[in-house]
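Reader: I am new to this structure, and I would like to understand the words used for it. Could you take me through them one by one?

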Amino acid sequence: MDIPKPPGAAPSADIILSVEGITKEFSTVRVLDSIDLAIERGEIMGLIGENGAGKSTLIKIISGIYQPTAGTIRLNGEVVKIGDYSTAKNLGISIVPQEFNLINTLTVYENIFLGNEIRLKSGLLDKGAMRKQAAAQLLDLRMPVKVDRLIGDLSVAEKQMVEISKALMLHARILIMDEPTTTLTGHELETLFTLMRQLKAQGVTIIFVSHKLREVKTICDRVTVLRDGKLISVDAVDSIDEKDLARKMIGRDFTQVFPTKKYRDGTDIVLHVEHLEVKNLLHDVSFTLRRGEILGFAGLVGAGRTELFEAVMGLRHVESGSIAVEGKTVRIRHARDAVDLGLAYISEDRQGKGIVQNFDIPKNITLISLAEYVKRHLIDKQAEGKKASHYVKAFNIVAASQKMALRYFSGGNQQKVYLARWVDTNPKILVLDEPTRGIDVNAKREIYEFIHMLAAKGISCIVISSEMEEVIGLCSRVYVMKEGMVAGCLTDEHINEEEIMFHATGIKGRKAYG
Amino acid sequence: MVDSLEKRSFATALAGYFRNFKLNEHATGVGFILLFLLATIVGWPNFLQFRNLTNILRQISYTGIIGLGMTLIIISGGIDLSVGSMTAFTGGITIFFLNLFPGDSVLAVILSSLFAIVFGSVCGLFNGLLVTKGRIAPFIATLGTMSIFRSLIQYFSGAGNILSNNNLYADIGSGVFLGIPVPVWVFIAVAVVLHIVLNDTRFGRYVCAVGANEQVARYSAIKVQTIKLIPYVITGFTAGLTALLWSSRLNCINPSDCTGYELDAIAAAVIGGTSMSGGKGSVMGTVMGAVMLGMINNMLVLGGVSSYLQQAARGLVIIVAVLLQYNNKN
């Protein structure tokens, strides 16, 4: 692809972008502390750190979304002031955001050219030219996406391709990818990496923000670690291993992510689902859950795991089948019924279905159990605040103030608040759907330990996860789902990546609809 | 942390308050004070006279009361355009009901007062059912009922005034208690009650949650449809109150009365900081918003500005208020 040189490019310099002494404060909180970082032209630079380490803030400063409190940014050796994101784009810096900025009701090429439409002399849109150029670029990048498809019909991976293509159409020389792999499955990840290598070959510099150390090791040339707003290290990936990176991220010795598995499966069954049917989504799903066990649900994205537990929680219409809680057949018509029976479901979609962004910590925690805090029709806010303090301490939630709206907190802390909300309902059965998605290693481990602690108290936990090591590391039994059905149930030594994959892809176990 | 906060002296707390003072969080209060000072200067000395102030309050109490209910609807993520028509409709039907009783009967006045409130609530319930059971967008549903209510009262009245035969009825609307007009007392009472409902009850909390993110509310076992329905009923209730106060003020209803009330009610809420996208708002803000609208009118009248320009001034204030609240976000 023919990419024109950005204006003012110094021919000899191989540092394309450097930040010097970048500091950022929000009111009085210092989130970035004099960061110095130089990025070489054409490299893939990994940027890692726990949630709240300052990764997002740094990339927002580089792309002009935030203004630094102090420090300078140099592009091709020259000091630049990046006042807003459109300035950044003009300078050749683009972000591929974690949450896509695409319009579902428009087509692929309309999105790629959004804001930069090609027009005819008459002022009308030159759809032909846009379609052609978009198709040429997609072909060039070997992206198998048709330009006339609606964004709403695309998969997450395809949307990401469109987002990347959109950035490149603006002649991006520096591409910042904010946790691009969070929602991708195995082969989609491979496709993304191939694409990234290809972009690198074309001279595009990539800043790759991630939580996943293995991916950083695979794709990056160098890796920068941030912790508590400070720059900890910059290393070539070949000279450092995953454990060292993890240690640098959390700032202490890092032994093992998963607590030792303890089999304490009781014999009594607390949840028994039989022959559950949900139109077009679930077919003849049966499973059992024992008291105090940690049960896994594995499978590919879209296998129906989330839908299954939404149905159990009364959030979806169940056509037929039966649900028994502690031996008693129950009817769950509304999530309230499920809560009253001691069921809890922590959704995978924390932003969309979990937390209330503009509520503070106490309001978020008591959302479901609010009736407990009502005295003579009025909410006892003191009791509410006390309970919140209790959870803040117990869950190690890092909060400058409880009264701050939740949108100002990092993903890990939001997740803990979300967990606390459900724990406050005193559940007997806790379903955790992708409980560690988009949170850092340290918070992950805390959540694993927390799940073990609940199980030890006799609370039965179900963990839905697309990260195989998570179900393998945590669960004593694992159901694998495929296309809305249970493909099989694995126990003991059968819980391994191979078996799970064989069941998830249909090589082993119950076959598709029939 | 709470302990250390309490131990801090009042002075440091106060200093901290002003250090952390953010204009956009207090835009309504600041705007209110500025406007009050401006009105005092422009309307000197008449503006500050007790009679003038109570008069302003009386004028804004009719739409203000409705604005209080509207605030709940907007926070829950809805809107109600039908309140003006609903008020005229309820007022008219209430006078028909009142006229069923012969003479100046006290019982008739009491029954009619109850009737107005119940009738208004039922109208609100109808709106709410269209939105929740019928799943019609609130804007469309209430645009429909706005036409329906207005048309019905015009039909029933034969497009003429509906006169009451009961002279006692007028005592409600034109009554004064402790020097303050009855509608103002009602406004204050409803404001206090709804303020508590919004801030200190489970229902109020759920209204905010539903308005902020309906999905989150649904996944948190909140009965979303019920929570969305009730604010319409409350708003119908407030429209019923206004219908009662308005129809008894002149002891008559004209079928074209109360036109445009919905806009004043929405404006009061918006000026008071309630977010049109839902999830955030305050009843006290709406009270200030309503009073601000009244002060502007009053100031312009006292300043001798053409009445044709008054609407422009109101429009300007609405825009400035919203600019102050939202533009500082980034």
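**Reasons behind the words**

Author: Helix H4 of chain B is a good place to begin, and what follows it is B:Gly77, whose phi is positive, near 100°. Please keep in mind throughout that this is a predicted model.

Reader: What makes helix H4 of chain B a kinked helix, and where is the kink centred?

Author: The bend at a residue is the angle between axes fitted to the seven residues ending there and the seven starting there. In H4(B), which covers residues 50-75, there is a kink of about 50°, and its centre is B:Ser61.

Reader: Why is H4(B) said to be largely enclosed by the rest of the structure?

Author: A residue counts as buried if 20 or more other C-beta atoms lie within 10 Å of its own. Of the 26 residues of H4(B), 19 are buried, and therefore the helix is described as largely enclosed by the rest of the structure. For chain B as a whole, buried residues make up 49% of the 330 residues.

Reader: How do you know whether chain B is as compact as a globular protein of its length?

Author: Chain B has 15 helices and four strands. Its radius of gyration is 21 Å, and the globule rule gives 20 Å for 330 residues; the two values are close, so chain B is as compact as a globular protein of that length. Taken along the principal axes, the box filled by the C-alpha atoms of chain B is roughly 70 × 55 × 35 Å. Among the contacts in chain B with a separation of 6 or more, 80% are between residues 24 or more positions apart.

Reader: What makes strand E7 of chain A a mostly covered strand?

Author: E7(A) runs over residues 174-178, and five of its five residues are buried. On one side these are A:Ile174, A:Ile176 and A:Asp178, and on the other A:Leu175 and A:Met177, so that both faces are covered.

Reader: How do you know that E7(A) pairs with strand E8 of chain A, and in which sense?

Author: Two strands pair if at least two bridges are found between them. E7(A) and E8(A), residues 205-210, have five bridges and run in the parallel sense, with A:Ile206 as the bridge partner of A:Leu175. E7(A) also pairs in the parallel sense with strand E6 of chain A, residues 93-96, over four bridges, and here A:Ile174 is the partner of A:Ile93.

Reader: How many residues does each chain bring to the contact between chains A and B?

Author: Chain A brings 23 residues and chain B brings 16. On the side of chain A that touches chain B, 13 residues are nonpolar, seven polar and three charged.

Notes:
Residues are numbered from 1 along each chain as its sequence is written. Chains are lettered from A and ligands numbered from 1 in the order in which they are written. This is a predicted model: local features need pLDDT of at least 70, side-chain atom pairs count only at pLDDT 80 or more; totals for chains, interfaces and linings use all residues. Helices (H or I, at least four residues) and strands (E, at least two) are DSSP runs, numbered from the N terminus. A residue is buried if 20 or more other C-beta atoms lie within 10 Å of its own, exposed if 12 or fewer, and partly exposed in between; C-beta atoms are placed from the backbone. The radius of gyration is taken over C-alpha atoms; the globule rule is 2.2 Å times the number of residues to the power 0.38. Two residues are in contact if their C-beta atoms, placed from the backbone, lie within 7 Å. Ala, Val, Leu, Ile, Met, Phe, Trp, Tyr, Cys and Pro count as nonpolar, Asp, Glu, Lys and Arg as charged, and the others, Gly among them, as polar.
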